[in-house]
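Student: Could you take me through one part of this structure closely? I would like to look at the place where the ligand sits and at what surrounds it.

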Amino acid sequence: METFRLDKVTINIGKDKDELTHRLADRFVSLAQDCVKNSGRYAVALSGGSTPKAFYALLAEPEYGNQVPWKATHLFWGDERCVAHDSPESNYKMAVDALISKVPIPAENVHPTHGQDQDPVAAALKYEKEIVEFFKLGAGEFPAFDFNLLGMGPDGHTASLFPGSAALEERSRIVVANFVAKFNTYRITLTLPAINNSKNVIFMVAGQDKQEMLKTVLESGPPVLPSQLIAPAGKLDWYIDRAAAAGLDLHLFSPVSSGV
Ligand code: 6PG
């Protein structure tokens, strides 16, 4: 794993998706142990899509799963499609199949959206209320996820914050139902202020199809794309594989270490 720094951003480049997944699992476990030791709990926001599936499956393996304090770990979702939980499109179903069904995490520690397939606006309000109660937030406060995992779409979207969508302008809500014109459907998503209040935001991006957009997001300015608007109060790390990183001009970044 090669590590570079660009301002407050750390960029970790794995030789392939397998190395990327293992190093990300190392980071997940080490953060879990630190957070539970220091605060008694580990609050995680999972991302959807296909990239994180192998990461979730690895966390379910004893090699990693046995190191995670599941009884103090709470799983939320950064975004969800407005489909039933048993739909193949569901981010919740993907995480249940790959991870949650295979580890001893208490049911009450798993916090999916509810009713998103019936009434997205009501589901967003209900999910927001659950986050407010979990983090004991006052008016105007935002959750501080310990580990907020994000993906990046080829159009530069992240979570379900798509270019040109209304949710990008939201500055007071924590969760909204965002109409995504390109899919002609609503998605439930954390808002920018909610994501940017996280202690650790981690992008996981892999594959040649992300190469061009990753170069735009990391090297071009001013920040206008959703993935460029992620600027957390805490740490921001990119975990990318060489296929996605191939277009980057690494001379722009300061090498921190070139791991084996
Ligand atoms: C979703 C995700 C979304 C995803 C990107 C990348 O609900 O689809 O949360 O933001 O992370 O679209 O998806 P892939 O990993 O499948 O490329």
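Tutor: Here is a walk through the ligand site, followed by a glance at a second pocket. Keep in mind as you look that this is a predicted model.

Let's start with the ligand and its neighbours. There are 15 residues around the ligand, and the ones that come nearest are Thr51, Asp79, His157, Ala159 and Lys210. If you sort the shell around the ligand by class, you get 2 nonpolar, 9 polar and 4 charged residues.

Now zoom in on some individual atoms. Asp79 has an N or O atom in its side chain that is 2.6 Å from an oxygen atom of the ligand. Lys210 also reaches towards the ligand: a polar atom of its side chain lies 2.6 Å from a ligand oxygen. For Ser50, the distance between a polar side-chain atom and an oxygen atom of the ligand is 2.7 Å. How much of the ligand does the protein bury? On its own the ligand exposes 410 Å², and 88% of that is buried by the protein.

Next, step back to the space itself. The ligand takes up the largest pocket, which holds about 470 Å³ of space. Its lining is made of 30 residues, and those nearest the centre of this pocket are Gly48, Gly49, Ser50, Thr51 and Arg81. You have met two of these names already: Thr51 is among the residues that come nearest to the ligand, and Ser50 has the polar side-chain atom 2.7 Å from a ligand oxygen.

Which elements build this lining? Strand β5 (79-81) and helix α4 (91-98) each supply at least two residues to the largest pocket, and α4 gives the largest share, with 4 residues. By class, the lining of the largest pocket divides into 10 nonpolar, 12 polar and 8 charged residues.

Finally, set the second largest pocket beside it. That pocket has a volume of about 350 Å³. It is lined by 18 residues, with Val9, Val217, Gln228, Ile230 and Leu236 nearest its centre. Here α7 (211-219) and β10 (235-241) each provide at least two lining residues, and α7 contributes the most, with 3. The classes in this second lining are 11 nonpolar, 4 polar and 3 charged. To compare for yourself, find α4 in the lining of the largest pocket and then α7 in the lining of the second largest.

Note on methods
Residues numbered from 1 in each chain as written. Predicted model: local features only at pLDDT ≥ 70, side-chain atom pairs only at ≥ 80, totals over all residues. Heavy atoms only, no water. Near = heavy atom within 4 Å. Polar contact = N/O pair within 3.5 Å; in protein donor to acceptor, adjacent residues only side chain to side chain. Areas by Shrake-Rupley, 256 points an atom, 1.4 Å probe, with all protein chains shown as cover. 1 Å grid on protein atoms, 1.4 Å probe; cavity = no way out; pocket = protein on both sides within 12 Å on 5 of 7 lines; lining within 4 Å. Sits in = over half its atoms within 2 Å of the grid points. Nonpolar A, V, L, I, M, F, W, Y, C, P; charged D, E, K, R; others polar. Points joined across faces, edges and corners; volume = space filled by probe spheres on them.
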